[in-house]
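Colleague: I would like to learn how to read a model like this one, feature by feature. Could you take me through it, giving the general idea and then the case at hand?

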Amino acid sequence: MTNSFHLLVVDDDRRLRDLLVEFLTGEKFRVQAAASAAEARAQLACHVFDLIVMDVMMPGEDGLQLTKSLRQTNKIPILMLTARDQLEDRIDGLNLGADDYLTKPFEPRELLARIHAILRRFAAEPLNHDQINLGQYKFDTSAGKLTHEGNIVHLSSTELILLRTLAQMPRQPFARDDLAQRIGHRVSERTVDVQITRLRRRINDDPRQPKYLQTIRHIGYALCPD
């Protein structure tokens, strides 16, 4: 029987990533995987996780940079994996917000023990996932469900990523290029504008005078719930 803990494995090494997913799934976790920081952001926008197992050395935005960015809005526990074994490197990771640090190569049993230890520490402080009210519409950020008077409003994967991302920091503007990156690789800012227009229609938000999905001039968009 699968337990209730949902893990995200982030590593650009496909072989190791697949091994980790196989091992952790065998330990009855629910596991998703991402090969880059961009993929991790997309997964985080679509799912609720209890812990991230993340490699440090990745091309583009590395694990340290992603950890620093996530810590601005997210308290999800992060266990970092790295080939770097210098004390300074471990301290840097912990100072940026990582909860634990495991040096490669490692024993799977040690990884499992550290995961359980982190989850026990955070069990007393469960993450809060609030309901966002948008007039007659309600968005459950933990379940990723938009409803209207109790009925589910079906969203595309892109619309869900946008709404979930904006709901992370209500009334705070997100830049178009940031939203484009979260939607996917090589997505244009114009695509973001089009998807925002579609999302406004989903929640009956007047595109000429939007109340909930507001355009922030020269920046991007912000979600402004009731």
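**Charged pairs, sheets and helices**

Modeller: Let us start with an acidic residue: Asp11 has a relative accessibility of 1%, and because buried means under 20%, Asp11 counts as buried. Please keep in mind that this is a predicted model.

Colleague: Which side chain meets that of Asp11 in a salt bridge?

Modeller: The general idea is that side chains of opposite charge can pair when their charged atoms come close. Here the partner of Asp11 is Lys104, with 3.3 Å from N to O. This pair links distant parts of the chain, since Lys104 is in the loop between β5 (100-103) and α5 (108-123), whereas Asp11 is in the loop between β1 and α1, 93 residues apart. Lys104 itself is partly exposed, with a relative accessible area of 22%.

Colleague: How many salt bridges does the model contain by this rule?

Modeller: The count comes to ten. Another of them joins Arg41 to Glu61, with the closest N and O atoms 2.7 Å apart. Arg41 sits in helix α2 and Glu61 in the loop between β3 and α3, so that distant parts of the chain, 20 residues apart, are linked by the pair. Arg41 counts as buried, at 7% relative accessibility.

Colleague: Where do Glu159 and Arg202 lie?

Modeller: Glu159 and Arg202 form a salt bridge in which the closest N and O atoms are 3.1 Å apart. Glu159 lies in helix α6 and Arg202 in helix α8, so the pair ties together parts that are 43 residues apart in sequence. Glu159 counts as buried at 3% relative accessibility, while Arg202 is partly exposed, with a relative accessible area of 34%. Sharing of partners is also found: salt bridges join Asp11, Asp55 and Lys104 into one network.

Colleague: What is the nearest side chain of opposite charge to Arg17, which is buried yet has no salt bridge?

Modeller: That side chain is Asp18, at 4.6 Å, and because a salt bridge needs a side-chain nitrogen within 4 Å of a carboxyl oxygen, the pair does not count as one. Arg17, whose place is in helix α1 (residues 14-26), does reach the backbone oxygen of Asp11 with its side chain, at 2.6 Å. Not counting residues up to four places away in sequence, Arg17 touches Val9, Asp11, Asp12, Ala33, Ala34 and Ala35.

Colleague: How many residues of helix α2 are buried?

Modeller: For a helix, the general point is that an α-helix has 3.6 residues a turn, so residues three or four places apart point the same way. Helix α2 (residues 37-46) is mostly covered, with seven of its ten residues buried, namely Ala37, Ala40, Arg41, Ala42, Gln43, Leu44 and Ala45. These buried residues pack against β1 (6-10), β2 (30-34), β3 (51-55), α3 (63-70), α6 and α7 (176-183).

Colleague: Turning to sheets, in what order do the strands β6, β7, β8 and β9 stand?

Modeller: In a regular strand the side chains alternate between the two faces of the sheet. Here four strands form an open sheet in the order β6-β7-β8-β9, with antiparallel pairing. The edges are taken by β6 (131-134) and β9 (151-153), each with a single partner strand, so one side of each is left without a neighbour in the sheet. Neighbouring strands of this sheet are turned by 30 degrees against each other on average, direction ignored. Within the sheet, β7 (residues 137-140) and β8 (residues 145-148) pair over four bridges, and the bridge partner of Tyr137 is His148 in β8. Helix α6 (residues 157-168) packs on the sheet, where it touches β6, β7 and β8, and its direction makes about 85 degrees with that of β7.

Colleague: Which strands stand at the edges of the sheet of β10, β11 and β12?

Modeller: That open sheet has three strands in the order β10-β12-β11, again with antiparallel pairing, and its edge strands are β10 (174-175) and β11, each pairing on one side only. Two bridges join β10 to β12, with Tyr221 of β12 as the bridge partner of Phe174. Tyr221 also stands opposite Thr215, while β11 and β12 form a hairpin with three residues between them, and His218 in the turn has a positive phi of about 70 degrees. Helix α8 (residues 189-202) lies across β11 and β12, running at about 150 degrees to β11.

Conventions
Residues are numbered from 1 along each chain as its sequence is written. This is a predicted model: local features need pLDDT of at least 70, side-chain atom pairs count only at pLDDT 80 or more; totals for chains, interfaces and linings use all residues. Side-chain values use heavy atoms; hydrogens and water are left out. Two strands pair if DSSP finds at least two bridges between them. Buried means under 20% relative accessible area, exposed over 50%, partly exposed in between (1.4 Å probe, protein chains only). Lys and Arg count as positive and Asp and Glu as negative; His and the chain ends are not counted. A polar contact is a pair of N or O atoms within 3.5 Å; within protein, one must be able to donate a hydrogen and the other to accept it, and residues adjacent in sequence count only if both atoms are side-chain atoms. Contact means heavy atoms within 4.5 Å. Axes are lines fitted to C-alpha atoms, for helices over the stretch in contact, and angles run from 0 to 180 degrees between N-to-C directions.
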